[in-house]
Structures are given as C-alpha cells and as structure tokens.
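Here is a short report for a reader new to this structure. Take a look at the sequence and the model first.

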Amino acid sequence: MGKPWLHIIGLGEDGPAGLSDASREILARAAVIFGGPRHLELVGAGARGRAWPIPFDLAPVLALREGRPADLEVVVLASGDPFWHGAGGSLVRHLSPQDWICHPAVSSVSWAAARLGWRLEEVTSFGLHAAPLARMRADLQQGAKLVVTLRGGAQVPDLGAYLTGLGFGASELTVFEALGGPRERRHRMRADQVAGHFGAPVLVAIAVAGGQGLPRGFGLPDDLFTHHGQITKRPVRALTLSALAPRMGERLWDLGAGCGSISVEWALAGGQASALEPRPDRLAQIGQNAAQFGVEHRIDIHEGQWPQTLPSAAPDAVFIGGGLSREGFEALWARIPAGTRLVGNAVTLESEALYLALQAECGGHLLRVELAEEAPLGRMRGWNRARPILQWSAIR
C-alpha cells in the first residue's frame with residue numbers, strides 16, 4: 001500500500017495551537033491546502049491555500065488524484081472532527097482507502113458537552129448549517145439534549161421561533177460563538193426569549209422542555225398530516241406499518257401514496273421511501289408532510305400510476321395503497337425481488353375478492369379489520385362504524 005497523498009485535518013477555533021505535532025508537520029510540508037477562508041487564515045496557508053469554490057464542490061481536490069508528482073502532499077482542513085457533518089465523509093466516498101488519512105480534532109459536540117457537563121451518550125447532534133430545522137422534529141422530546149450547528153448567528157432567532165411554534169418555547173438554549181477558541185462566547189436564554197446578535201461560527205445546545213414530542217411507535221394522529229381526506233387513518237396505519245415491519249435503512253414502495261402518511265412514518269422509523277402518486281395535488285401534500293416531519297431527505301416522490309410507473313431502486317417492502325388490479329399485481333410481483341414484504345388493504349368487494357384469490361395463490365396472511373368510533377346519536381351516543389378492511393400481507 002502506497003503512502004497517502006491526502007491528509008484530512010480537523011481544525012479547532014484555537015488554530016494550529018490545538019493540533020498535534022504530527023498534524024503541524026504535515027501542514028508545514030503540504031504543497032496545497034484546501035479549506036474555508038477562516039480555516040486558511042487560522043493556519044496561515046498563504047499562497048498554498050485554496051478556498052472552497054462557491055457553491056461547495058470537491059472537484060478541485062479530486063482533480064489531484066491523477067497526474068500529480070509522487071511526493072506531492074495535499075491537506076484538506078475541516079472543523080473539529082472531519083467526519084461529523086464535515087468534508088471527510090463526502091471526500092472518502094470518491095477515494096480509495098490508500099489515498100487518504102484523517103487527523104481529527106475534538107468535535108464541536110464534544111466541546112459543547114464538556115462545557116455543559118452533558119454525557120455524550122445522552123446527546124443527539126444535528127448539522128443544521130446545511131439542513132432544515134425540521135430535521136430534528138422527531139427528536140424534540142421532553143428532557144432531550146440536542147446540539148445543532150447553524151449557518152450563522154442570524155439563524156438563532158429562527159431556531160427559537162421554530163421551537164416556540166411547536167410548543168417548546170421553555171427549552172433552554174446555550175448559544176456558543178467560536179467554541180473552543182480564544183474568541184469563545186456563551187449566551188443562555190429560553191427559546192421564546194431569543195435576543196441579541198451572534199457571530200459565526202455558531203453552535204447551539206438545546207435542553208428540550210415545554211412541549212409534547214411525537215409519539216414513538218406507529219399511528220400518528222391524523223391531524224398532524226396535511227391531507228384532504230385521502231389518508232390511511234390512524235388505527236389502520238398502525239396495523240399496516242406493523243405488517244410492513246420497517247427496519248433501519250430499508251426502502252418502501254408506497255404505491256398510491258395519497259398524502260404520504262405511510263411513507264412519513266416509515267421514514268421516521270429510519271427507512272427510505274419511494275412514494276408514487278398520480279395526482280399532482282396529493283404529490284404536493286406528500287412533499288409538505290415530508291418537510292414538516294423533517295424526513296424530506298428520506299422520501300423520493302414520483303408522479304405516476306403503477307404498474308406503468310415504478311421506482312427504480314429495489315424495495316424491501318411494498319404497500320399497495322390504491323390502484324389494485326390483477327394485471328397490475330402480476331406485473332408488480334414479477335418485478336420485486338425475492339424476500340420483499342408486501343401489504344395491501346382492500347375496502348371494496350372487488351379488491352377484497354382479488355386479495356382472497358391472491359392469498360390462495362401466493363400464500364401470506366389475511367386480517368379483517370372492523371372499526372367503530374363513538375359518535376353523537378340524538379341526545380345520546382352510538383357507534384359510527386367504518387367500512388371493514390381486509391389486509392393481505394405476504395413475502396415474495
């Protein structure tokens with residue numbers, strides 16, 4: 001194995017003083033140093049410095065993989081630990097293991113936990129400098145400890161307003177400026193009382209308080225979703241997701257996705273979803289729901305009618321939310337890989353008859369669900385019965 005030509009060095013706000021002797025030696029002999037303007041200034045890169053292009057692009061570094069002198073060494077500077085929302089994770093996807101070596105520094109999460117006396121194993125962290133605030137929605141729970149990066153000081157009031165709007169205005173924010181360096185400053189305030197101006201780089205520690213988090217498990221309240229009635233209702237959604245059995249990193253095909261409630265809860269469980277829906281108004285609702293639950297990065301939205309249109313990425317599970325036909329099912333069954341879990345719900349007699357036939361041919365499990373909710377009946381109360389649902393679940 002050859003000597004690495006690329007050194008990924010984590011840099012704190014204290015600059016070279018916080019680096020190991022080995023990292024300082026590498027910086028001294030490097031021919032090219034990539035980093036943000038602040039990082040290049042901290043190490044005194046001078047003519048060797050190469051500021052990242054705007055918009056951010058790794059191409060200048062990757063261009064040096066070929067045709068460089070054998071002894072040329074290149075440095076990429078990143079904040080703290082380069083593999084915590086840093087350039088390290090993006091770079092190594094394009095490189096061979098023998099191309100690079102990393103020299104991490106203390107991450108800003110570790111700095112914040114050390115300042116506040118928080119146990120690291122009890123802290124959840126988010127890089128919100130390049131992601132929406134809603135990304136932390138599922139982790140906003142009473143008593144939770146979060147550490148988040150922001151684009152700059154101007155985003156701190158937005159964070160306070162976001163938390164307050166969800167009922168978490170009593171959360172205590174500790175806003176750190178230039179954490180870990182000589183310019184470090186600390187401000188403490190409630191989320192609903194954010195005031196002041198904050199200089200970059202900014203990191204915020206949040207002791208969550210005052211609101212109700214999303215329930216854990218399946219079957220979120222229907223009124224949390226944007227919809228016009230086209231939604232798998234809460235009890236049936238809970239049963240459906242239980243049958244689909246989400247696992248971390250698995251992909252769901254949500255066929256006839258409606259407002260996307262099944263896809264959203266699948267994504268909240270850690271999976272990826274491909275939501276297919278033919279109606280443009282419902283496609284917009286899927287996007288809105290994905291964004292407000294902070295899972296837009298986990299849901300691909302496709303316009304079309306199955307089986308004419310199907311996602312390209314192979315599924316681990318499929319939910320048939322609408323549009324069932326014998327021809328469509330046969331095309332779907334032939335397309336999905338062995339081991340795929342499939343769940344479909346029937347509310348019409350025709351769909352029910354088809355699922356009964358498919359269960360006889362393909363096996364699987366049938367579940368009949370009949371639900372009723374209390375409702376006014378004159379001056380008293382009675383049961384308002386929903387249409388019965390037949391659920392078929394099978395493995396390809």
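The report covers two residues and then one pair of helices. The model is predicted.

**Two residues**

| Residue | Place | Relative accessible area |
|---|---|---|
| Arg 183 | loop between strand E8 (172-177) and strand E9 (185-190) | 47% |
| Thr 240 | helix H7 (residues 234-244) | 0% |

Start with Arg 183. This residue counts as partly exposed because its relative accessible area is 47%, and the partly exposed class lies between 20% and 50%. Leaving out residues up to four places away in sequence, Arg 183 touches Glu 13, Glu 177, Ala 178, Ala 200 and Pro 201. Trp 392 sits 209 residues from Arg 183 along the chain, and 62 Å separate their C-alpha atoms.

Now Thr 240. This residue is buried, because its relative accessibility is 0% and the cut-off for buried is under 20%. Its side chain makes a polar contact with the side chain of Asn 345, at 2.9 Å. Asn 345 is also among the residues that Thr 240 touches, again not counting those up to four places away in sequence. The others are Ile 262, Phe 319, Val 343 and Gln 391.

**A helix pair**

Helix H10 (residues 326-335) packs with helix H11 (residues 349-362) at an angle of about 35 degrees. Their axes are 11 Å apart. The crossing of H10 and H11 is right-handed. H10 brings Arg 326, Phe 329 and Trp 333 to the contact. H11 brings Leu 354, Ala 357, Leu 358, Glu 361 and Cys 362. Of these contact residues, six are nonpolar, two are charged and none is polar.

Technical notes: Residues numbered from 1 in each chain as written. Predicted model: local features only at pLDDT ≥ 70, side-chain atom pairs only at ≥ 80, totals over all residues. Heavy atoms only, no water. Axes fitted to C-alpha atoms, helices over the stretch in contact; angles between N-to-C directions. Helix = DSSP H or I, 4+ residues; strand = E, 2+ residues; numbered from the N terminus. Left-handed = near helix turned anticlockwise from the far one by under 90°. Contact = heavy atoms within 4.5 Å. Nonpolar A, V, L, I, M, F, W, Y, C, P; charged D, E, K, R; others polar. Buried < 20%, exposed > 50% of the residue type's maximum accessible area, 1.4 Å probe, protein only. Polar contact = N/O pair within 3.5 Å; in protein donor to acceptor, adjacent residues only side chain to side chain.
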